[in-house]
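Visitor: I should like to learn how to read burial, contacts and cores from a set of coordinates. Could the discussion begin with a single residue?

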Amino acid sequence: MADTLLVGIDGSDGGARAANFAAQRAHDSQARLVVAYVIEWSPYTFNTPQENEVRHKRREEEIERAEKEVIAPALATLKTHGVEAKGIVRHGHAAEVLSSLAGEEKASQIFIGRRGLTKLQALLFGSTAGSLVQISPVPVTVIP
C-alpha cells in the first residue's frame, strides 16, 4: 500500500506553497496525496432550533463553495503536474481537524503553510501551524 501524505490548504500563498511542496514529495515517492481545507467553525452554539437550521444551511453552502473555489482548483493544478489527489473539506478547528484527518487517512506526514490568510488571528491566538505541530500524531512539515 502506498504511503499517504496530507496537506492543509486555505487559499493563501502559503497554502499553495505547502501544496506544491507536498505534491513534489508525493510524486517523488509515489505517495497518495490528500488535500484538506478546513472551514473554521465553533462547536459552541447557543441557538434556537430555527437558528441552528439556518446555521446548518450556511455550513453546507460554505462546504460547497470551498470545494468549488479552493479544492477543485488545487486538485486541477496538481493533476497538471502528474499528481492525483483526494480533496476533503471539513468544519472545525484547523489544527484539530488536520490531526484527526491524519489518523483517518493513515497519513505518515502533514504539510502546512507557516502563515495563512488570518495573520492577525495568528498573532492574537497562535497559528494553526504552531498548534498542529504540538498535537499531531505524525510529523508536520511547515512550509515558509
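Guide: Let us start with Ala-94, in what is a predicted model. Ala-94 has a relative accessible area of 8%, and because the cut-off for burial is under 20%, this residue counts as buried.

Visitor: In which helix is Ala-94 found, and which residues does Ala-94 touch beyond those up to four places away in sequence?

Guide: Ala-94 belongs to helix 3, which covers residues 94–104. Setting aside residues up to four places away in sequence, Ala-94 touches Val-38, Glu-40 and Thr-128. Separation along the chain may also be set against distance in space: Ala-94 and Ala-36 are 58 residues apart along the chain, while 9.6 Å separates their C-alpha atoms.

Visitor: What share of the contacts in the chain with a separation of 6 or more comes from residues 24 or more positions apart?

Guide: That share is 75%. As for the order of elements, the chain has 5 helices and 5 strands, arranged along the sequence as β-α-β-α-β-α-β-α-α-β.

Visitor: How should a polar residue such as His-91 be read: is His-91 buried or exposed?

Guide: One takes the accessible area and then the partners of the side chain. His-91, in strand 3 (residues 85–91), is buried, with a relative accessible area of 11%. Its side chain makes polar contacts with the side chains of Arg-59, at 3.1 Å, and Glu-62, at 3.0 Å. Arg-59 and Glu-62 are also among the residues that His-91 touches, a list that includes Trp-41, Ile-63 and Val-97.

Visitor: Why look for cores of nonpolar residues?

Guide: In soluble globular proteins, nonpolar side chains tend to be buried together. Here, the largest nonpolar core has 23 residues, of which Val-7, Ile-9, Leu-33, Val-35, Tyr-37 and Val-89 touch the most other members. Two or more residues come from each of strand 1 (4–9), helix 1 (13–29), strand 2 (32–39) and helix 2 (49–80). Helix 2 gives the largest share, 6 residues.

Visitor: With which residues is Val-89 in contact, leaving aside its neighbours within four places in sequence?

Guide: The partners of Val-89 are Tyr-37, Ile-39, Ile-63, Ala-66, Glu-67 and Ile-71. Another core, of 17 residues, lies apart from the largest one; Ile-88, Leu-98, Ala-107 and Ala-129 are among its members.

Visitor: How does one summarise burial and surface for the whole chain?

Guide: Of the 144 residues in the chain, 38% are buried. The chain exposes about 8700 Å², and carbon and sulfur atoms supply 52% of that area.

Conventions: Residues are numbered from 1 along each chain as its sequence is written. This is a predicted model: local features need pLDDT of at least 70, side-chain atom pairs count only at pLDDT 80 or more; totals for chains, interfaces and linings use all residues. Side-chain values use heavy atoms; hydrogens and water are left out. A nonpolar core is a set of buried Ala, Val, Leu, Ile, Met, Phe, Trp, Tyr and Cys residues joined through side-chain atoms within 4.5 Å. Buried means under 20% relative accessible area, exposed over 50%, partly exposed in between (1.4 Å probe, protein chains only). Helices (H or I, at least four residues) and strands (E, at least two) are DSSP runs, numbered from the N terminus. Contact means heavy atoms within 4.5 Å. Accessible areas come from the Shrake-Rupley method with a 1.4 Å probe; for residues, only the protein chains shown count as cover. A polar contact is a pair of N or O atoms within 3.5 Å; within protein, one must be able to donate a hydrogen and the other to accept it, and residues adjacent in sequence count only if both atoms are side-chain atoms.
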